[in-house]
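Open the model in your viewer, switch on a cartoon view and keep the selection box handy. We will take a short walk from stop to stop, picking a few residues each time.

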Amino acid sequence: MYQDTRRLDFHALGREIKRKREAKGWTQEYLAQLVDRTPRSIMYFKNRGQHPSLNTFYQIVTLLDISVDQFFYPDRQNSESDCRQHIDRLLNSMDEKMNKPVLFIYRKKKKDKKVSRAKNPKYELTNDIISI
């Protein structure tokens, strides 16, 4: 019987947890309270690469809006997907005020005034930017 011996390197994911936590202005203590763990256990995820329970892991990545694909499938990453992820993060971080000029430029570029939010213009814009 085949047994996969690969293990998730939790150090990189731990660093991403720290980056997202700090971006939200959250302390380790606050995040620990949210997921019902000790601050020390949160620290161990990053520093020691300790693996949390699946439930704790899910709570943390959901609270911090972390996409885990890059950590679960590192071999599938390439410069195009890195570029796409970066553009997606930038577009998703824009507030409504910033979305309007982006959508205006996109609509003008496409010369299609029928583009609506329902068609997910941010996604289409990301594809267009990457194809340039």
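Here is a tour of the model, one selection at a time.

**Stop 1: Colour by confidence**

Keep in mind that this is a predicted model. Colour it by pLDDT before selecting anything: the average for the protein is 75, and 64% of the residues score at least 70. Which elements have the lowest and the highest mean pLDDT? The lowest belongs to helix H8, residues 121-131, with a mean of 58, while H2 has the highest, with 94.

**Stop 2: Helix H1 and its salt bridges**

Now select residues 10-23, which make up helix H1. How many salt bridges does the structure hold? There are two.

Show the side chains of Glu16 and Arg19 to see one of them: their closest N and O atoms are 2.8 Å apart. Both residues sit in H1, three residues apart, which is about one turn of the helix. Is Glu16 buried or exposed? Glu16 counts as buried because its relative accessibility is 14%, under the 20% cut-off. Its partner Arg19 is partly exposed, at 43%. While Glu16 is selected, look for Ile66 and Phe71 too: leaving aside neighbours within four places in sequence, these are the residues that Glu16 contacts.

For the other salt bridge, pick Lys18 and Glu22, where the closest N and O atoms are 4.0 Å apart. This pair also lies within H1, four residues apart, again about one turn of the helix. Both ends are partly exposed: Lys18 has a relative accessibility of 30%, and Glu22 has 46%.

**Stop 3: A pair of rings**

Select Trp26 and Tyr30 and show them as sticks. A pair of aromatic rings is described by the distance of the centres and the angle of the planes. What arrangement do Trp26 and Tyr30 form? Their pair is edge-to-face, with 5.3 Å from centre to centre and 70° between the planes. The count of aromatic pairs comes to one. Trp26 is buried, at 18% relative accessibility, whereas Tyr30 is partly exposed, at 37%.

**Stop 4: The loop after H2**

Move on to Asp36, which you will find in the loop between H2 and H3. Asp36 is not a glycine, yet its phi is positive, about 55°. With a relative accessibility of 64%, Asp36 counts as exposed.

**Stop 5: Helix H3 from the end**

Select residues 39-47, helix H3, and highlight its buried residues: Ser41, Ile42, Tyr44 and Phe45. Turn the view until you look down the axis of H3. These buried residues fall within an arc of 155°, so they line one face of the helix. What do they pack against? Their neighbours are H1, helix H2 (28-34) and helix H4 (54-63). Just past the end of H3, click on Gly49, where phi is positive, about 70°.

**Stop 6: Helix H4 and its two sides**

Next comes H4. Its buried residues are Thr56, Phe57, Ile60 and Val61. Look down the axis of H4: these residues fall within an arc of 120°, so they line one face of the helix. Colour Leu54, Asn55 and Tyr58 differently, as they are exposed on the other side of H4. The cover over the buried residues of H4 includes H1, H3 and helix H5 (69-72).

After H4, stop at Asp65, which is in the loop between H4 and H5. Asp65 has a positive phi of about 55° although it is not a glycine. At 61% relative accessibility, Asp65 counts as exposed.

**Stop 7: Into the core**

In soluble globular proteins, nonpolar side chains tend to be buried together. The largest nonpolar core here has 16 residues. Select Ile17, Ile42, Ile60, Leu64 and Ile66, the members with the most contacts inside this core. H1, H2, H3 and H4 each supply at least two residues to it.

For a last click, choose Ile42. Which residues does Ile42 touch, not counting those up to four places away in sequence? They are Gln28, Leu31, Ala32, Val35 and Ile60. Ile42 is also one of the buried residues of H3 from Stop 5, and Ile60 is one of those of H4 from Stop 6.

Definitions and conventions
Residues numbered from 1 in each chain as written. Predicted model: local features only at pLDDT ≥ 70, side-chain atom pairs only at ≥ 80, totals over all residues. Heavy atoms only, no water. Buried < 20%, exposed > 50% of the residue type's maximum accessible area, 1.4 Å probe, protein only. Contact = heavy atoms within 4.5 Å. Arc of directions from axis to C-beta. Core = buried A, V, L, I, M, F, W, Y, C linked by side-chain atoms within 4.5 Å. Phe/Tyr/Trp six-rings, centres within 6.5 Å; stacked < 30°, edge-to-face > 60°. pLDDT = per-residue confidence, 0-100.
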